[in-house]
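Okay, thanks for having me, everyone. I'll walk you through one protein chain today, and I'll take it slowly. Have a look at the picture first.

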Amino acid sequence: STKRKQSSIVLTTHSMEEAEALSTRMAIQVDGMLKCLGSVQHIKSKFGGGYEMEFKLHAPSKQAVEQLLQRAGLQHDTILNTGSVESALSKMNAQWVSSELNSKGFGSAIFNELQKGTLKTFLLAEFVLIETSGNKLIKFLKDHFGGAALIEHFQTFYRFKVITEVGIGHIFGKIEEELKNLNVQQYSVGQTTIEQIFNLFATKKLPVPMKYDSPEVKISPEIQSKYIQISPRNRDRND
């Protein structure tokens with residue numbers, strides 16, 4: 001159909017990999033609303049600019065955790081409550097971590113242990129060391145690539161969105177130079193995938209375009225208005 005220009009096939013799928021492999025043009029729709037329309041590369045360039053970087057850090061060694069507890073004058077198996085957590089963090093010079101100790105913070109697992117009354121100082125100290133390494137990684141990305149938006153973080157895993165004009169070869173070179181200092185076990189750098197762009201739309205981390213301005217696709221104002229404003233509630237009426 002692409003060669004003869006005589007017909008078109010419309011494929012609907014939840015698999016972004018399938019859509020990318022089979023389509024010459026693609027549209028992403030979430031909650032009945034058209035989010036974008038264009039070629040795969042156009043969508044990646046417009047909505048997924050820059051790079052996504054994933055890092056898995058080395059877990060702190062038992063020796064490193066014990067050393068931190070020793071410097072803070074804490075025993076490794078002490079059960080902590082809400083008040084003693086703040087005291088322990090103060091002794092470890094890590095009061096800044098307390099803001100993450102809630103059900104939605106990066107320290108949600110620690111918070112759950114605290115709520116159950118089973119949080120030990122060893123686990124808290126391990127978390128402090130992980131977050132310290134993570135902050136060092138974030139500072140490195142800001143210093144060398146102009147900044148990084150943290151998309152996801154769980155335990156020793158970090159995923160960032162980095163907007164930079166620096167080439168990917170230079171990025172790999174800089175990371176390799178600092179691999180040991182950053183305590184990185186493994187990492188990956190790549191252009192944002194269609195799947196990731198879809199997820200950003202679905203979680204409303206990318207805004208809904210009120211006016212589509214693709215250089216590849218021209219849409220009349222009437223058609224644009226109809227499809228941008230469509231919703232599941234009034235879909236039948238608009239169709």
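Let me start in the middle of things, with arginine 159. Setting aside residues up to four places away in sequence, arginine 159 touches Glu52, Met53, Glu54, Ala149, Leu150, Ile151, Glu152 and Gln196. You'll find arginine 159 in strand 5, which runs over residues 157-162. So is this arginine buried or exposed? Its relative accessibility is 14%, and since buried means under 20%, arginine 159 counts as buried. One more thing here: arginine 159 and lysine 56 are 103 residues apart along the chain, yet their C-alpha atoms are separated by 8.9 Å.

Now let me step back, and please keep in mind that this is a predicted model. The chain has 239 residues, and 38% of them count as buried. Its secondary structure adds up to 10 helices and 6 strands. As for the outside, the chain exposes about 14,700 Å², with carbon and sulfur atoms supplying 50% of that. And if you take the contacts with a separation of 6 or more, 66% of them are between residues 24 or more positions apart.

How confident is the predictor? The average pLDDT of the chain is 82, and 83% of the residues score at least 70. Helix 3, residues 62-72, has the highest confidence, with a mean of 96, while helix 10, residues 235-238, has the lowest, with a mean of 43. Over residues 209-220 the pLDDT is below 50, and the model gives this stretch 23 contacts beyond near neighbours in sequence. Residues 222-239 also stay under 50, and for them the model has 23 contacts beyond four places in sequence. Where pLDDT is low, the predicted coordinates shouldn't be read in detail. I'll leave those two stretches alone, then.

Let's go to helix 3 instead. How do helix 3 and helix 6 cross? Helix 6 covers residues 121-145, and the axes of the two helices come within 9 Å and cross at roughly 105°. Angles of 65 to 115 degrees count as roughly perpendicular, so that's what we call helix 3 relative to helix 6. On the helix 3 side, the contact is made by Lys62, Ala64, Val65, Glu66, Leu68 and Leu69. Helix 6 brings Thr121, Phe122, Ala125, Glu126, Val128 and Leu129. Sort the residues of that contact by type and you get 8 nonpolar, 1 polar and 3 charged.

Next up is helix 2, residues 40-47. Which of its residues are buried? They are Val40, His42, Ile43, Lys44 and Phe47. Among the elements covering them are helix 1 (16-22), strand 1 (26-30), strand 2 (33-38) and helix 8 (194-202). Let me pick out isoleucine 43, which lies in helix 2. It counts as buried because its relative accessibility is 0%. Apart from neighbours within four places in sequence, isoleucine 43 is in contact with Met26, Cys36, Gly38, Gly48, Ile194 and Ile197. Ile197 is 154 residues away along the chain, and the C-alpha atoms of isoleucine 43 and isoleucine 197 are separated by 8.5 Å.

Now a few loops. Most residues other than glycine have a negative phi. Two residues here go the other way. Aspartate 31, in the loop between strand 1 and strand 2, has a positive phi, near 55°. Aspartate 31 counts as exposed, because its relative accessibility is 52%. The other one is glutamine 155, with phi near 55° as well, in the loop between strand 4 (149-154) and strand 5.

Asparagine 81 sits in the loop between helix 3 and helix 4. At 47% relative accessibility, asparagine 81 counts as partly exposed. How far is asparagine 81 from glycine 117? They're 36 residues apart in sequence and 6.8 Å apart in space, going C-alpha to C-alpha.

Last stop: glycine 105, in the loop between helix 4 (82-91) and helix 5 (108-116). With a relative accessibility of 14%, glycine 105 counts as buried. Its C-alpha atom and that of histidine 153 are separated by 9.7 Å, with the two positions 48 residues apart along the chain counted as their separation.

That's my tour, thanks for listening!

Note on methods
Residues numbered from 1 in each chain as written. Predicted model: local features only at pLDDT ≥ 70, side-chain atom pairs only at ≥ 80, totals over all residues. Heavy atoms only, no water. pLDDT = per-residue confidence, 0-100. Helix = DSSP H or I, 4+ residues; strand = E, 2+ residues; numbered from the N terminus. Contact = heavy atoms within 4.5 Å. Axes fitted to C-alpha atoms, helices over the stretch in contact; angles between N-to-C directions. Parallel < 35°, antiparallel > 145°, perpendicular 65-115°, else oblique. Nonpolar A, V, L, I, M, F, W, Y, C, P; charged D, E, K, R; others polar. Buried < 20%, exposed > 50% of the residue type's maximum accessible area, 1.4 Å probe, protein only. Areas by Shrake-Rupley, 256 points an atom, 1.4 Å probe, with all protein chains shown as cover.
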